[in-house]
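Here are some short exercises to work through with the structure open beside you. Try each task before reading its solution.

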Amino acid sequence: MQEKGTISIHTENIFPIIKKFLYSDHEIFLRELVSNAVDATQKIKRLASLGEYTGDLGETRVEVEVNKKKKTITIKDAGIGMTAEEIKKYINQIAFSGATEFVEKFKDAGDAKEIIGKFGLGFYSAFMVAGKVEIDSLSYQEGAEPAKWICDGSTEFEIKEGKRKTRGTTITLHVNEDSEEFLEESRIQGILDKYAKFLPIEVKFGEKEESVEDGEDKEGKKKWKTVKKDNIINNTAPIWTKSPSDLTDEDYLKFYKELYPFSEDPLFWIHLNVDYPFELTGILYFPKLKNDFEMQKNKIQLYSRQVFITDEVKDVVPEFLMLLHGIIDSPDIPLNVSRSYLQSDGNVKKINTYITKKVADKLGELFKKERESYEKKWDDIGLFVKYGMISEEKFYEKATDYALVKNTEGKCFTLKEYEAQIEANQTDKDGNKVWLYANNPAKQDAFISSAIDKGYDVLVFDSPIDSHFINHMESKLEKTQIKRVDSDNLNKLIDKDEKRELVLSDEQKESLKEVFSKSIGNENFKVEVEALSPSDAPVTITMSEFMRRMKEMQATGGGG
Ligand code: ADP
Ligand code: MG
């Protein structure tokens with residue numbers, strides 16, 4: 001049996017196009033070929049479990065090898081294999097029709113970038129790094145003959161009798177001169193670590209040296225020796241694929257450390273698991289944020305059936321959820337896709353909504369069930385919740401039930417509780433509730449004390465997100481004003497229209513005011529003298545809320 005043929009497509013040679021445009025990252029070829037090997041292996045295992053295949057399964061790991069001398073990379077599996085007919089069907093026709101479609105669309109597209117990446121060409125991505133590709137395969141089917149396919153990167157292919165004696169497929173890539181970086185072991189190891197870390201079938205890449213104990217010497221000291229062990233890339237059963245009821249807190253924490261070895265323990269986590277209307281599993285961790293927002297972003301990894309796709313999840317999760325860490329695994333997220341395509345994808349939108357709801361519900365549940373520990377973690381959770389409330393209306397609505405405000409004594413209130421708390425005493429003459437807050441309690445101590453003496457409550461809003469949060473809450477809460485405790489005289493902050501008895505005469509007040517204004521010498525500050533009783537601090541020096549916010553905006557280069 002020997003056959004030569006032409007891969008039937010109407011377009012001219014598509015390989016240069018694949019090579020140039022398909023993926024910005026050429027390293028993807030290895031992900032594609034290893035996942036094909038894993039797919040084929042899973043298929044034979046399934047057939048065996050169904051009793052459809054009764055032969056010996058044998059060693060089923062996938063092996064990747066690099067031969068620097070021959071300039072080849074091989075990917076070997078013991079999967080279902082392919083007959084010559086199947087190679088023609090799956091590789092020449094079906095896989096190629098995807099490629100052809102890609103080229104057809106590509107030719108007509110005004111904006112090439114729109115199209116590039118929409119088609120996962122799988123097998124053919126091999127030609128991004130190889131001039132010649134060979135397939136050696138033996139199908140699992142009884143009496144099957146081994147087959148060999150060779151293609152040199154033109155539309156010509158050759159198929160002939162093969163030599164493979166055991167079930168499965170070997171793909172051999174003859175690496176291009178300009179792709180020789182992929183003949184470096186460290187490069188391949190790096191790519192496998194990135195894409196294959198959690199594949200469901202063991203992937204072996206050479207051997208590695210490991211130190212093991214080797215008895216004791218005469219003085220009773222431990223001896224060590226180095227042994228060679230198979231270098232297995234992956235953890236085949238990562239915990240997100242398991243049922244939450246089979247997992248302990250330790251399992252979740254251990255997995256977190258596996259993902260982010262240098263991070264502090266997370267606060268809590270959510271195990272995601274849906275199968276309708278889309279399939280999705282995963283674990284999202286709430287990290288300790290510690291105000292370094294930017295550092296914490298972009299740590300969610302996106303997988304499709306345990307194959308790593310990207311850690312650019314911008315379009316899959318809402319902006320504020322990008323502060324979370326962890327894994328999302330969904331076969332329903334299109335793989336090799338461009339940005340604009342992701343954004344318009346129906347599943348991606350649904351997933352986005354689902355994750356937001358899950359996170360909102362989890363927070364609600366924590367608050368209800370474990371309010372005490374929730375309050376303890378509020379400094380970390382709060383940053384995240386506030387960010388979410390500001391940026392996502394749907395989340396705001398849910399979060400109003402469990403968003404907390406904290407006063408100078410460290411007591412926490414929900415928004416509703418707080419309204420009730422201040423209703424009686426902290427309203428102005430127009431019936432507005434007035435929230436007082438400090439953003440730097442140590443420095444504003446005098447103002448806080450005098451407010452508390454008056455029976456008022458003072459909140460603490462001292463994180464970077466709080467000024468935005470305050471602006472947002474003011475626009476949201478009805479008949480509520482939020483004022484910084486040192487932004488004006490207390491009686492003006494909460495203007496109750498009450499009769500006051502002055503201790504100082506008008507003249508005394510004027511002369512005091514002059515003395516203070518002169519010595520400060522800055523127009524942005526307002527000096528007021530207004531004492532109601534001898535115990536009041538008679539002079540307050542304030543900067544108006546308006547002036548202060550203006551200044552803050554200038555300092556941060558514009559409003560937010
Ligand atoms: P996809 O994996 O999305 O189907 P590919 O282009 O990666 O597309 O592969 C095309 C087809 O070739 C696969 O669906 C499969 O039938 C066959 N194939 C590829 N690699 C192997 C392999 N290692 N073992 C058996 N079949 C394979
Ligand atoms: Mg594939």
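**Exercise 1. Find which helices each supply at least two residues of the shell around ligand 1, then describe that shell.**

Solution. Start with the helices: in this predicted model, α2 (28–49) and α3 (84–108) each contribute at least two residues to the shell around ligand 1. Of these, take α2 next, since α2 gives the most to the shell, with four residues. Now look at the whole set: there are 15 residues around ligand 1, and those that come nearest are Asn36, Ala40, Tyr90, Gly122 and Phe123. Finally, sort the shell by character: eight residues are nonpolar, five polar and two charged.

**Exercise 2. Work out how the span of helix α9 compares with the expected one, and list the buried residues of α9.**

Solution. Count first: α9 covers residues 346–369, 24 residues in all. From its first C-alpha to its last, α9 reaches 34 Å, close to the 34 Å expected at 1.5 Å a residue. Then turn to burial: Val348, Ile351, Ile355, Val359, Ala360, Leu363 and Phe367 are the buried residues of α9.

**Exercise 3. Trace the strand order of the open sheet of five strands.**

Solution. Walking across the sheet gives β10-β11-β14-β12-β13, with mixed pairing. At the edges are β10 (268–274) and β13 (307–310), each of which pairs on one side only. On average, neighbouring strands of this sheet are turned by 20° against each other, direction ignored. For a close look inside the sheet, pick β11 (residues 280–286) and β14 (residues 325–329): these run antiparallel and are joined by five bridges. One position to check is Thr281, which stands opposite Asp329 in β14.

Definitions and conventions:
Residues numbered from 1 in each chain as written. Chains lettered and ligands numbered in written order. Predicted model: local features only at pLDDT ≥ 70, side-chain atom pairs only at ≥ 80, totals over all residues. Near = placed C-beta within 6 Å. Nonpolar A, V, L, I, M, F, W, Y, C, P; charged D, E, K, R; others polar. Expected span 1.5 Å × (residues − 1). Buried ≥ 20, exposed ≤ 12 C-beta atoms within 10 Å, placed from the backbone. Pairing = 2+ DSSP bridges. Axes fitted to C-alpha atoms, helices over the stretch in contact; angles between N-to-C directions.
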